[in-house]
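Hello,

Here is the structure I promised to pass on to you. Please have a look at it first, and then read my notes below.

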Amino acid sequence: MANKERKYYADGSLAYEVTQPVEEEYFYSVDPMDLPEAPELDAPLAETMPVPRQSVAPGAILGAAVAVVMLVFLMLSQVRLSIANKDVLALENQVKALQAQQADLEISYETAFNLTELEDYAVNELGMQKPRSDQIYYVNGAAEDKAVILDENARQNSWVDRVGDFFCRIAEYFT
């Protein structure tokens, strides 16, 4: 087979021409390779191999500790939030009850004073009468006010007057 030349396609590909028959001896002409035999080990492989040791970074430990602390704080804040929500709900219920009580009291207050009933009671039971026009007097408040405003800053007292005023106020307190 080595003596025979193979024809290649003319277009430049390196593929063999498929129309030419291939002899069977070509497939078996390659000599088998001699592989070296594996050495026999006296001890098992697992005992001779060193066990790799894993190390943990200090930053990873610190990060995990911070995450645990944050989770604890989160759970505690959730507990406090639920307690606050319960208190708010109780106070809202109390406010609703007080608003209903206020509405009831306003209704009872408005119905307690009926002006027509009061007028009938005053006229019939107490003997009161409506005033006549000559009994009505009007007060004229057109006169000017006669108030005097004192200016504390304008009044200049000496320190002796101030000390005297202090002792007078103390004496007034005990008498």
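The model is predicted, and its mean pLDDT over the protein chain is 79. A value of 70 or more is reached by 71% of the residues. Helix H3 (residues 58–112) has the highest confidence, with a mean of 95, while helix H1 (residues 25–28) has the lowest, with a mean of 51. Please also take note of residues 6–10, where the pLDDT is below 50. Leaving aside near neighbours in sequence, that stretch makes 15 contacts in the model.

Now to the overall fold. The protein chain contains five helices and zero strands, so to speak an α-α-α-α-α pattern when you read along the sequence. How much of the chain is buried? Of its 175 residues, 1% count as buried. The accessible surface of the protein chain is about 18,300 Å², and carbon and sulfur atoms account for 61% of that surface.

Next, the charged pairs: the count of salt bridges comes to two. One of them links Lys130 and Glu119, with 3.4 Å between the closest N and O atoms. Glu119 sits in helix H4 (115–125) and Lys130 in the loop between helix H4 and helix H5 (159–174), so this salt bridge ties together parts that are eleven residues apart in sequence. Are these two partners buried or exposed? Lys130 counts as exposed because its relative accessibility is 64%, over the 50% cut-off. Glu119, at 40% relative accessibility, counts as partly exposed. The other salt bridge is formed by the side chains of Arg132 and Asp134, at 3.3 Å from N to O.

Last, something to look for on the surface. Which residues form a nonpolar patch there? They are Trp159, Val160, Val163, Phe166, Phe167, Ile170, Tyr173 and Phe174, and together they have about 970 Å² of accessible area. If you would like one residue of this patch to start from, try Phe167, which is found in helix H5. Phe167 has a relative accessible area of 52% and is therefore exposed.

I hope these notes help you find your way around. Do write back with any questions.

Best wishes

Technical notes. Residues are numbered from 1 along each chain as its sequence is written. This is a predicted model: local features need pLDDT of at least 70, side-chain atom pairs count only at pLDDT 80 or more; totals for chains, interfaces and linings use all residues. Side-chain values use heavy atoms; hydrogens and water are left out. Helices (H or I, at least four residues) and strands (E, at least two) are DSSP runs, numbered from the N terminus. Buried means under 20% relative accessible area, exposed over 50%, partly exposed in between (1.4 Å probe, protein chains only). Accessible areas come from the Shrake-Rupley method with a 1.4 Å probe; for residues, only the protein chains shown count as cover. A salt bridge is a side-chain nitrogen of Lys or Arg within 4 Å of a carboxyl oxygen of Asp or Glu. Patches are made of residues with over 30% relative accessible area and no salt bridge: like charges are joined within 9 Å, nonpolar side chains (Val, Leu, Ile, Met, Phe, Trp, Tyr) within 5 Å. pLDDT is the predictor's confidence in each residue, from 0 to 100. Contact means heavy atoms within 4.5 Å.
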